[in-house]
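Student: Could we go through this model together, asking at each step how a value leads to a conclusion?

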Protein chains: 2
Amino acid sequence: MTQDAILHSLIAENLVSDPAGARGRLLREAARLFRDKGYERTTVRDLAAAVGIQSGSLFHHFRTKEEILKAVMVETIRLNTALMQAAMDAESTCHGKLRALIRAELEFINGQTGEAMAVLVYEWRSLSEASRVEVLELRDIYEQLWLDVLNAMKHQGDLKAEPFVVRRMLTGALSWTVTWYRPDGGLSLDGLTDQVIAMMGLAE
Amino acid sequence: MTQDAILHSLIAENLVSDPAGARGRLLREAARLFRDKGYERTTVRDLAAAVGIQSGSLFHHFRTKEEILKAVMVETIRLNTALMQAAMDAESTCHGKLRALIRAELEFINGQTGEAMAVLVYEWRSLSEASRVEVLELRDIYEQLWLDVLNAMKHQGDLKAEPFVVRRMLTGALSWTVTWYRPDGGLSLDGLTDQVIAMMGLAE
DNA sequence: GTTTACAAACCAAGCGCTTGCTTGGTATTG
DNA sequence: CAATACCAAGCAAGCGCTTGGTTTGTAAAC
């Protein structure tokens, strides 16, 4: 299944919004604004202007501003979990799977869904308690993909540190790339993935 | 020089505020509130209430709310740069220096200055352009300490990846610990430092 | 050792503005 | 001809910050 096929099957199941639709376009703009200015600094007037409607009209699509934030996060996790699962399944060895996970997450963070990923990582404080629970449940599924691979590597002796610590370190390290890495610079995404593998002393 | 001696010499030079004074106490509470709720969600009324004064009285000490944020950041960098320099100077080998840097940064993030460090890392978007320049200048000094050590290790062959990439990965990984690591749990700060070294394949 | 002078620290009140959101009505679409 | 999508206007609340006046700490003057 191609990335595009995965996206469209999720759209068909109503798990993510069609980026071409009104709702999808709003979520895309919202992600960009939330990342650039932060959720609190982004006003409903900003959001409305970004898609060319009046601020009041937003509330036909979402009951509250926070619901927009939650939707950005939920849809992003759903899509990226599916994409990541597919990327991992294509590999046979643990080493290959780990590389696929790192590569995929770097792509999420620095590619098309980058705005939304940054929001997911850095704006969870702005979620209400209820929304937080909902988002965390989805995140646990995503995280389990990582832990399964890292645990296997630990058993094989390829990994010296504790898997859950390593995953958390990688979460921080990879998400932080959004603040400094530019895909159009001298370092490609594959090159960046190589650097992470090398930093972990796993290069062949 | 002990950590306490370093702190007091900086206070004497008027580079950081005495934590016992009115200004110091406010900055401490501000750091806590900014970390817990974010800068935007924290109101001047929150800040004033935290130190037991009226909101308007804040503006005798700081001209704007943003000046409070800047002060938290600037004073934190100044203190931590001095502490880190001292921790590094106490080591002779590159490996020892790197461990000291990692250990020190983990301490900054998860210790007493933890609130302020989290603000420094995650709230820079709320700074005005002018303040940002000022803070970045101080940060460059701090970062150079890391790069010097990592460059030396690269030359010695202990490090396979690019120093500037490694530093940025470590920045993300270490600062992210604030979201999950609890010093009173089963893992000590030294243990956590060991995990980082092990993850980099540098354990002996 | 009391008085006087003065600045720093603070309070009570509130101004002007922006915020998220509501309302009542009008196009547009199937 | 209903449902959906939207607009124009604005409300109530909360925001950063200002203002005019009072308390408090301190140190010289008597």
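The conversation below takes up the two chains, the DNA and one loop residue in turn.

Tutor: Please keep in mind from the start that this is a predicted model.

Student: What makes chain A and chain B related as by a two-fold rotation axis?

Tutor: Chain A can be laid on chain B by a turn of 180 degrees with a shift of 0.0 Å along the axis, and the RMSD is then 0.0 Å. The two copies are therefore related as by a two-fold rotation axis. The same surface serves both copies, since 100% of the contact residues of chain A recur in chain B.

Student: Which residues of chain A carry the annotation "DNA-binding region", and where does that label come from?

Tutor: The label comes from UniProt, in an unreviewed entry, and covers residues 43–62 of chain A; such annotations may be inferred rather than shown by experiment. In the model, this span is 40% helix and 0% strand, and its end C-alpha atoms lie 14 Å apart.

Student: Which residues come nearest to DNA strand D?

Tutor: Of the 16 residues around DNA strand D, the nearest are A:Q54, A:H60, A:H61, B:T43 and B:K65. The residues of this surface divide into three nonpolar, 10 polar and three charged. Of the strand D atoms within 4 Å of the protein, 55% belong to sugar or phosphate and the rest to bases.

Student: How do you know that B:V44 makes a polar contact with DNA strand D?

Tutor: A polar contact needs a pair of N or O atoms within 3.5 Å. A polar backbone atom of B:V44 is 3.0 Å from a phosphate oxygen of DNA strand D, so the pair meets that cut-off. A backbone N or O atom of B:T42 lies 3.4 Å from a phosphate oxygen of strand D, whereas for B:S55 an N or O atom in the side chain is 3.4 Å from a base nitrogen.

Student: Why is A:N14 called exposed?

Tutor: Exposed means over 50% relative accessible area. A:N14 has 68% relative accessibility and therefore counts as exposed. This residue is found in the loop between α1 (3–12) and α2 (22–37) of chain A.

Student: What is notable about phi of A:N14?

Tutor: Most residues other than glycine have a negative phi. Phi of A:N14, however, is near 65 degrees, a positive value in a residue other than glycine.

Student: Is B:N14 buried or exposed?

Tutor: B:N14 has a relative accessible area of 67% and is therefore exposed. B:N14 lies in the loop between α1 (3–12) and α2 (22–37) of chain B, and its phi is near 65 degrees.

Notes
Residues are numbered from 1 along each chain as its sequence is written. Chains are lettered from A and ligands numbered from 1 in the order in which they are written. This is a predicted model: local features need pLDDT of at least 70, side-chain atom pairs count only at pLDDT 80 or more; totals for chains, interfaces and linings use all residues. Side-chain values use heavy atoms; hydrogens and water are left out. Copies are superposed by least squares on the C-alpha atoms of residues with pLDDT of at least 70 in both. Contact means heavy atoms within 4.5 Å. Helices (H or I, at least four residues) and strands (E, at least two) are DSSP runs, numbered from the N terminus. A residue is near a molecule or strand if one of its heavy atoms lies within 4 Å of it. A polar contact is a pair of N or O atoms within 3.5 Å; within protein, one must be able to donate a hydrogen and the other to accept it, and residues adjacent in sequence count only if both atoms are side-chain atoms. Ala, Val, Leu, Ile, Met, Phe, Trp, Tyr, Cys and Pro count as nonpolar, Asp, Glu, Lys and Arg as charged, and the others, Gly among them, as polar. Buried means under 20% relative accessible area, exposed over 50%, partly exposed in between (1.4 Å probe, protein chains only).
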